[in-house]
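Got the structure open in your viewer? Let's walk through it one selection at a time.

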Amino acid sequence: MEKNLKSPIPHLALSSALIIIGLLTDSLSLVLLFALVPIFIVLKDSIANNDNPIKYALSLTLSLVIGQMAGFLITENSFDYLLFIYPIGIAITTSLYWLVKKNLNSNLGVMTLIIYWLAFEYIALLINPELGNYFVFGSLEKLSILNISTITGFLGYTLWGLASNLVLVFVLYEATSPYKVKLRVLSLIYAAILITTPLWLSLIWSIEGDNISRQLMIDNYSGLHIENTDYLQKGEWLGRTSTWIAVLLTIYSLVKKKISK
């Protein structure tokens, strides 16, 4: 099959620009719900054409680095080498997704990518809680209307951001045409309902408890005393569960690859 997308560079530039907007403007943090769509479309296209997606994983990494670096320069924060650790981890995450996709033909589909991404963020918290400052979808906490993190933990923002981006990829992409010219109205409606679910649930569902802030998450995993006893008990349960599933998927994938030789 002939490749539809000749170069990831325009997509990288667009994703980088959207990430910068989402990270730096409180009122426009919703942009992060579709900021990675261009890069994810390139990744999906590479898989559909049986191409090695490593260079696209690196494109994703670079777009995250550019976005985060621009944030540091504009806000005049001091430089920190941790800036690069998070995007590199995401590149590894994307590569593991490709490994599982190739060896297992898993029905989980893009859920695998979400699982690995959440697992990486959880492991990053355990290794160095300060890495939590670089979780890109964490900027969605700026939306004061949201209160889902009380239930999901802070990584609920990552789940929402990734799911939204990937749903839009399914709406926009098909193997014969990277960007559908005629979008199906029903698909757009379904996508809009799913993407906005945390918003309208926050409006109609009264959830007891305070939101989990980025700093509260970092303090908790730094071993500092926090008052939120409910969060102490649950922690980042989404990330913890995803880590166990990711480990099992990776082991199973490697075993199957070995047997298949």
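Start by selecting E141: at 29% relative accessibility, this residue counts as partly exposed. Keep in mind as you click around that this is a predicted model. Now add R214 to the selection, and you'll see the partner of E141 in a salt bridge, with the closest N and O atoms 3.8 Å apart. The two come from distant parts of the chain, 73 residues apart: E141 sits in the loop between α5 and α6, while R214 belongs to helix α9 (residues 214–221). R214 counts as buried, at 12% relative accessibility.

How many salt bridges does the structure hold? There are two. For the other pair, jump to helix α10 (residues 229–234), where D230 and K234 lie four residues apart, about one turn of the helix. Show their side chains and check the N to O distance, which is 3.3 Å. D230 is partly exposed, with a relative accessible area of 37%, and K234 is partly exposed too, at 27%.

Next, go to S149, in helix α6 (residues 149–152). Is S149 buried or exposed? It's buried, with a relative accessible area of just 1%. Turn on the side chain of N211 and you'll find a polar contact with the side chain of S149, at 3.0 Å. Leaving aside residues up to four places away in sequence, S149 touches Y157, N211 and I212.

Now select residues 156–172, which make up helix α7. From first C-alpha to last, the 17 residues of α7 reach 24 Å, close to the 24 Å expected at 1.5 Å a residue. Of those 17 residues, 13 are buried, so α7 is largely enclosed by the rest of the structure.

Helix α5 (residues 111–127) is the next stop; pick out I115 there. I115 counts as buried, at 8% relative accessibility. Then draw a C-alpha to C-alpha distance from I115 to L238: the two are 123 residues apart in sequence, yet 9.0 Å apart in space.

Last, switch on the surface and select I151, L186, I189, Y190, I193, W200, L203, I204 and W205, which make a nonpolar surface patch of about 960 Å². Which helix gives the largest share of the nonpolar patch? That's helix α8 (residues 185–204), with seven residues. Finish on W200, found in α8: this residue is partly exposed, with a relative accessible area of 38%.

Key
Residues numbered from 1 in each chain as written. Predicted model: local features only at pLDDT ≥ 70, side-chain atom pairs only at ≥ 80, totals over all residues. Heavy atoms only, no water. Patch = residues over 30% accessible without salt bridge, like charges linked within 9 Å, V, L, I, M, F, W, Y side chains within 5 Å. Areas by Shrake-Rupley, 256 points an atom, 1.4 Å probe, with all protein chains shown as cover. Salt bridge = Lys/Arg side-chain N within 4 Å of Asp/Glu carboxyl O. Buried < 20%, exposed > 50% of the residue type's maximum accessible area, 1.4 Å probe, protein only. Expected span 1.5 Å × (residues − 1). Polar contact = N/O pair within 3.5 Å; in protein donor to acceptor, adjacent residues only side chain to side chain. Contact = heavy atoms within 4.5 Å.
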